[in-house]
Amino acid sequence: MSYQSVGFLVFSLAVLIIYYICGEISGKLQKYILLAGSLAYYCIAGTKYLPFLLGTLVITFVSGLLMDRLYKKSDEKLSACKELAEKKAVRKKTKFKARLILNLSMVIPVGLLVLCKYLGFIIKNANAVMRIAGVGKQFEVIRLILPIGISFYTFMALSYILDIYWKRYKAEKNFINYAAYLTYFPHIVQGPIDRYDKFNNQIKDGVRFNPDFIRSGVMLIVWGFFKKIVIADRLTLFVDEIFNHYQEYHGLIIILATMAYSIQIYADFSGCIDIVSGVSECFGIKLAENFNHPYFSRTMLEFWRRWHISLQEWFKDYIYFPVSMSGFVKGVKKNAKNHGHKKFGELFASCFPIAVVWVVTGLWHGSSWKFVAWGMFHAVVLISSKVFEETNAKITKALKINTESWSFALFQMFRTFMICCAGRIFFRAPRLSASLGILKNIFNQGFGVEYFGSEQLVSYGLDLRDLHLVIFAIIVLLVGDILQEKMNVREKLIKENSFWLRWALILLGVFAVIIFGIYGPGYDASAFIYQEF
């Protein structure tokens, strides 16, 4: 049941009605409705996936309780201690036991993720290494099922147990509360990656019906459908033609297809997030922000603060900071300082965690070397920006460039967009060797201006009507993002009681989706790009 299907909307509406009816009886009943609806949604997707989700759910919940109990007993012992040495011994013992519980609680969720998503990749590469080494024996490649949403709910479960370990909050003692969080159907398949404390604070006492929730949610849902079905799915026709037959093309047409893909994946992924966030707002639950108009970014660092925000914040909190505070990084930094290379030590301490984060980010997106290459591309870009930060500032000053001017900001946005597009080649290509072939074809046979004749332009999957329509739709998307960059459009429409304008925009959006959406033979209503991750 895809998020963009009529079935999903009907299902969500049915759960919503029961949710608010039960809320009138008791707000405490609502979390049971959410849990039942979420489990039903997951079972519709496939009951074979359920044991993986339930295994992660039970293990992390029980581990949280054990860790919480351990900390409570430790506090009691510490309050009874009189000697400092005695307190140190208690803390040391508690830390050892807590780390043991943490490691054991992470084994099953991480193990399931690795087995389901990366086992085939590991075996293939092991076989390749053995062939190079001259070992005749080869392992059989095992293909396991890939449970939907496993990358997302695994990260949410890990954030929960790690936050308890770091004492950011206490463990949840009510299993239903935690289960409602981890299985919540709007975010389980494609995110965003929510944090338990923020989610639970919204549902623990129930949610009273508020018409503004419905108004705001419906507007966001329609906007998401417009981005997905009118823009992303239409651009797919052009992008697939060029990338799937990249050997036949070269020069500017590949660059144009890469730019189109960058718009496509933004409209696709942010459109999905808008749909699920809109549905969630109808329930009175705000999901974590995942996009903040990333193509308005002036640097790649800013871009990754605006794109897939919940994932980047997860990596920052649970990978970047732990690595940067690790004994290895501190040791290298200290050793460099002792040998008179303080600046190098500081640079290593800030850059090494970036490299680790981006290797993991690449692998999170898929078990393929193309994703590793994509991650390393961004690691190099971000590390280079740090290394050459002072040099860039000196060049800008020497050339007397007004960094506050509108034209320079526009240049920076375009530069950032094109750097992002370069990375997208690795991301979209069928495999790593294909991405290298695509890069080669861009420069190999000239500019490729022959592809831009009046007849040629309508032979890449889009006819003239579709071409004009998608250009107009992208302009609408751009104007919408500009307005949202300056104000909260939905909030303004609701607060000012713009009834006629609000519903005119909603109906206009619905008609645009129905009339101009991509449907028909070959259309795959489940093909959200990020669903495969």
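Arg428 is buried, with a relative accessible area of 14%, where buried means under 20% relative accessible area, exposed over 50% and partly exposed in between (1.4 Å probe, protein chains only). The structure is a predicted model, in which local features need pLDDT of at least 70 and side-chain atom pairs count only at pLDDT 80 or more, while totals for chains, interfaces and linings use all residues. Residues are numbered from 1 along each chain as its sequence is written, and side-chain values use heavy atoms, with hydrogens and water left out.

Side chains of opposite charge can pair when their charged atoms come close. A search of the whole structure finds 15 salt bridges, a salt bridge being a side-chain nitrogen of Lys or Arg within 4 Å of a carboxyl oxygen of Asp or Glu. One of them joins Asp68 to Lys173, with the closest N and O atoms 3.1 Å apart. This pair links distant parts of the chain, since Asp68 lies in helix 3 (residues 50–80) and Lys173 in the loop between helix 5 (150–165) and helix 6 (175–183), 105 residues apart; helices (H or I, at least four residues) are DSSP runs, numbered from the N terminus. Asp68 counts as buried at 12% relative accessibility, whereas Lys173, at 59%, counts as exposed.

A salt bridge also connects the side chains of Asp274 and Lys227, with an N to O distance of 2.7 Å. Here again distant parts of the chain are linked, with Asp274 in helix 10 (residues 252–282) and Lys227 in helix 9 (residues 211–244), 47 residues apart. Both Asp274 and Lys227 are buried.

Arg428, introduced above, forms a salt bridge with Asp240, the closest N and O atoms being 2.8 Å apart. The two residues are 188 residues apart and link distant parts of the chain, Asp240 being in helix 9 and Arg428 in helix 17 (residues 406–428). In contrast to the buried Arg428, Asp240 is partly exposed, with a relative accessible area of 27%. In addition to these pairs, Lys228, Asp233 and Asp268 are linked in a network of salt bridges.

Helix packing was examined for two pairs. The axes of helix 15 (residues 369–387) and helix 17 come within 7 Å and cross at roughly 160°, the axes being lines fitted to C-alpha atoms, for helices over the stretch in contact, and the angles running from 0 to 180 degrees between N-to-C directions. Helix 15 is therefore roughly antiparallel to helix 17, a description that applies to angles over 145 degrees. The crossing of helix 15 past helix 17 is right-handed, that is, the near helix is turned clockwise from the far one by less than a right angle. Helix 1 (residues 6–25) and helix 2 (residues 30–45) pack at an angle of about 160°, with their axes 9 Å apart, and are therefore roughly antiparallel to each other. Helix 1 likewise passes helix 2 in a right-handed crossing.

At the surface, a nonpolar patch of about 940 Å² is made by Phe499, Trp500, Trp503, Leu507, Val510, Phe511, Ile514, Ile515 and Phe516. Patches are made of residues with over 30% relative accessible area and no salt bridge, nonpolar side chains (Val, Leu, Ile, Met, Phe, Trp, Tyr) being joined within 5 Å, and accessible areas come from the Shrake-Rupley method with a 1.4 Å probe. Phe516 is found in helix 21 (residues 499–516) and, at 32% relative accessibility, counts as partly exposed.

Definitions and conventions. Patches are made of residues with over 30% relative accessible area and no salt bridge: like charges are joined within 9 Å, nonpolar side chains (Val, Leu, Ile, Met, Phe, Trp, Tyr) within 5 Å. Angles under 35 degrees count as roughly parallel, over 145 as roughly antiparallel, 65 to 115 as roughly perpendicular and the rest as oblique.
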